[in-house]
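Here are a few exercises to work through with the model open beside you. Try each task before you read its solution.

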Amino acid sequence: MSGYCILSGIMDRLRLQCMNRTLILSMFKFLFTLIFCISAGAFAESKHNVVIISSSNSDFQMQTASRIRENLEADGDMAIIVSNDDIVAPEKNVKTLYVAIGEHAIKSLHEYDSNAFVLRINSRKIPDSKYTSAQSDLVTAQPVCRHIQLIKSLNPDWTTIAMLSSIDSLDIAAEFTKCTIRQNLNLNVYAITDERDLLQTLETAVEANKVLLAITDPFIYNSHTVKNILLTAYRHRKPVIGYSDSFVQAGAVAAVYTSPESIGDRASRIISGFFDNNWQFGKNIYSTDSFSISTNPQVATSLDIALPSIESIRESLEQIP
Amino acid sequence: MISIRHRVVFIYLQLALSSTAAYAVEDEFSDLPVVLSDDTLEQAPSRAPVAISSIDRDLIEASGARTIPEVLRLIPGIVVGHSVNDFGDKPLLVVAYHGHSDQYSKQMNVLIDGRSIYDPLLGGVNWYNIPIVIDDIERIEVTRGPNASTYGSNSFMAVINIITRHAAEDQGHFAKVNVGNHDIFDATYRYGGNNGDLDYRVTLATVNDDGQDRADGANANDDVSSGKIDYRFDYQINTKNQLTYTGSYGRTDQQAEQTLRPETEIKKPQREIQDTNAHQLLRWDSTINKKQSFTVNYFFNYLEEEDVYDTLEIDPSAFDPLLDPFQLSIDASYKSQRHNLEFTHFIDPIKELHLVWGLSGQYDKVESERYFYPAGENSRNTFRLYGSAVWDINSHNTIDLGVLFEKSDGTETDVSPRIAYLYHFNDNHTVRIGASQAVRTPFLFEQSGQVFDTAVLTALDGAIDPAATFENFVYVPENNLNTEKITSVEFGYYGKFLQKKLSVSTRIFQDMLDELITDPQVPTTATPDFDGLAFIYSNLHATTVRGIEAELDYSIGSSTRLFASGALLDISSDDDPYEGKSREYEESAPDESFSILTLHDFNEKYSGSVGFYYVGDMSWMDANPNNPGVRNTGVYRILDLRLVRNFKFGNERLSTAIVLKNLLDDYSDYDAIQNTPEPVVVQNMVAYIELKLKIQ
């Protein structure tokens, strides 16, 4: 059955070698190719075909993909392939819905087939995205005012808030500014155009403000820079408010975010509606309808911050639509 | 039948080699590495089971300190001395907490990033020779009181934990030069970089000065010159695992004054002593899940001292007028090494409970012909099992328990427990009642050291050769030496005022020390042929230390900070079989001492600091053995000033500072010589200019 698939795997292996990757890596890829080929066989016979592509194998993305898969499999006759960093492409006459999780997967899929049926799951809307009845976004970011409300609920004295922003996130920073003005808080946005300026700007930002609010901007917040940011803020004894549970585990004091389970549940409902609606999305942009709160008691204790209970924080955040 | 109708194409998402591109694939959904772990976090004073003082980077810089002990003057109850003594030993910087200290401050553990640098041969720490550069230090935490379950062996009267910065925080170039009087010339260069998930820094430094002056103004023979390199690599294996590798190598040349004590028969000459200090450390931090993490830590310490000399001439005519004067050829060199492997597991089974347990094994070995006659070496294995539990019963009540079981070769299994109850009135006010016990294991020389001098003597100007043999046991081991023991009880308060801008920490305590080890010179029969006086380490004394300590940290506005501390102490001791000995303990710490350091930013360009220190009169334990009741280190006051001018050019930051120390009267912080009112050396004004350049 899998003659072509094996050939594909061999081709990939050869391609990997041409790319000067290690032989070990190519062998792993080859094995993964075989696994996906076998999955693809089952994929062919189902009523609805869904391919979930994640940008990475992070816990968050894997949990999201897994939740979608579980929900859809329970929902009816669906063949689902979950792929980490590969795009599994069907033949052109087989309709398939792609669920792309994260910006990287979304962009890669767009490059592969810009007309594919796709539900794009990302924290924010991807600039220049095309919206048709076949392509829609599920935006997972929490309302900006909910992040601000989180800061207020943690400590009303944190009235001066620092935010680091690159050119890619200036629009987000502007939304936050509007919200803080309404709430009589002082948000100071520090623009970073050169990554070499990050540390000095960060020092200035944490010195001059009571709390640092992180936003989803990979130029500023990524797995490498987060060390500097958290350590520097900690050295100045200033709390960092993150945007994900992972950020809180890394060392932020708290975050409000959409959990992978919530995203998975929301995406599943959208997908079911999509199939019920004869392969058409009902909206261009969907948003998540719940939020989760994560706190880091160890960091808070070390910074001498008395955290309110999760329940009281939740009550406070529920006031924000 | 399943048919293959799909063409399957795998498009590999290219992970670009450049780090920027790699991070660009990250988003809200990406995993992030654990940065602030249990091992990294500083314990909040309001949650600590014992009194903890923390000296941060700002205070270290503002103090104008060139050495770590100078910074430690800010800690309540700590006294610092420069032991240019009259024994003929090398000068040492001595840091003592609540007295009980000679030039080897052995009742206190010192750690660098959790690595104990307690000297296995003679105890204490040679602060001149620790291979750490003061500019790499993030903060210094001092635990006042015993805390063996957290910090391990010899965390007896206090623990000094020096924490260096993560390599990610020291990116770019950093250079510093100090030039001043007393031949001060210090230079530091550091480079920090990264490559993907690897952060690293390498620091080179040299510290030089001519030490102190004699009371008559002449330069004392206590020049110190050291060079060191240290490096740190932090590698993020993945989001849950990190490796840290640190290493260092340092060499210090020190002048040692000749023996000045007139009654000492065997006098050492003035000479130079070379010390080498190196270490390697590898640590693996792993986060299992939200509730569990562990660390595995291995380190290797290496110390070497080269000290070879001939004594001044000894006149044996009192024994036999025909004998010729002679010299002893002594090789007091030694090498010591320590291997330590440790596993620590952090568990939070429920939100209100934080558990830590761990075990470790340590191997110490010392080679020295002089200190371990005749074997030439000694070694010891130590095994430890420890644990602690912090239980937040509710928002007001916390119980903190800890225990250390320790078994060393030559000692019984020791248990060091700790219990503390904390009551939090609210977020700003906490009281603490605590009790703890700890032991100090005798260092290897105390436990089994033996020093023997011998020489072949001639008579009648060499006409009779050999005429006699000189033999002298200087030190003889005590076979049943026990660990020193401390039981400490305290009542502490920690409060925050003025919108948390003012924090106050105070405690009343009583420390009961027992089986204290001293080395009286007593009649002994070391061998059938030897019948004379020798020093023998013995458990002879018990003392009680009572006192009050306070510390406040006040941020006045956004540009001024005041850090102050003080201690009132009373030491009492038991009756002593050796006349006068117990009085030494009672006088070994000042009854009162305090310090104030004020920092002020005038504007972006100018900042400054003023430090004032007061230390009451005291006597170091080895200062005046035959003259009890005389506190020969008198009251002294220190005034230091530092004025800084900052410049900024793009990403480059330049600062220049003038540092003036000891602006009040000359003083001595370690008077040792007896029978004279004059101190051996005095601390007089130190002035230097500091230039610092940082390019990121």
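**Exercise 1: two helices in chain A**

Helix α5 (residues 144–154) of chain A packs against helix α12 (residues 310–317) of chain A at an angle of about 135°, and their axes are 9 Å apart. Bear in mind that this is a predicted model. Your task: classify the orientation of α5(A) and α12(A), and find the residues through which they meet.

*Solution.* Start with the angle, which is about 135°. Angles over 145 degrees count as roughly antiparallel, and 65 to 115 as roughly perpendicular, with the rest oblique apart from those under 35. The pair α5(A) and α12(A) is therefore oblique. Next, look at the handedness: α5(A) passes α12(A) in a right-handed crossing. Finally, list the contacts: α5(A) contributes Arg146(A), Gln149(A), Leu150(A) and Ser153(A), which meet Ile313(A), Ser316(A) and Leu317(A) of α12(A).

**Exercise 2: nonpolar cores**

Find the largest nonpolar core and the strand that gives the largest share of it.

*Solution.* First, the core itself: the largest one has 77 residues, and those with the most contacts inside it include Val71(B), Leu74(B), Met108(B) and Ile160(B). Then the strand: β3 (residues 93–97) of chain B supplies the largest share of this core, five residues. Apart from this core lies another of 54 residues, Ala205(A), Tyr243(A), Tyr257(A) and Leu317(A) among them. Now zoom in on Leu74(B). Setting aside neighbours within four places in sequence, Leu74(B) is in contact with Ile55(B), Leu59(B), Ser63(B), Phe563(B), Ser565(B), Ser595(B) and Leu597(B).

**Exercise 3: pairing strands in chain B**

Trace how β14(B) pairs with β15(B), and then how β15(B) pairs with β18(B).

*Solution.* Begin with β14 (residues 271–289) and β15 (residues 292–306) of chain B, which pair in the antiparallel sense over 15 bridges. A hairpin of two residues joins β14(B) to β15(B). To fix the register, note that Gln280(B) stands opposite Phe300(B) in β15(B). Move on to β18 (residues 334–350) of chain B, which runs antiparallel to β15(B) and is joined to it by 14 bridges. Here the bridge partner of Tyr302(B) is Gln337(B) in β18(B).

**Exercise 4: a loop residue**

Is Thr40(B) buried, partly exposed or exposed?

*Solution.* Locate Thr40(B) first: its place is in the loop between α1 (19–24) and β1 (51–56) of chain B. Thr40(B) has 19 C-beta neighbours inside 10 Å, so it counts as partly exposed; a buried residue would need 20 or more.

Methods. Residues numbered from 1 in each chain as written. Chains lettered and ligands numbered in written order. Predicted model: local features only at pLDDT ≥ 70, side-chain atom pairs only at ≥ 80, totals over all residues. Core = buried A, V, L, I, M, F, W, Y, C linked by C-beta atoms within 7 Å. Buried ≥ 20, exposed ≤ 12 C-beta atoms within 10 Å, placed from the backbone. Helix = DSSP H or I, 4+ residues; strand = E, 2+ residues; numbered from the N terminus. Contact = placed C-beta atoms within 7 Å. Pairing = 2+ DSSP bridges. Axes fitted to C-alpha atoms, helices over the stretch in contact; angles between N-to-C directions. Left-handed = near helix turned anticlockwise from the far one by under 90°.
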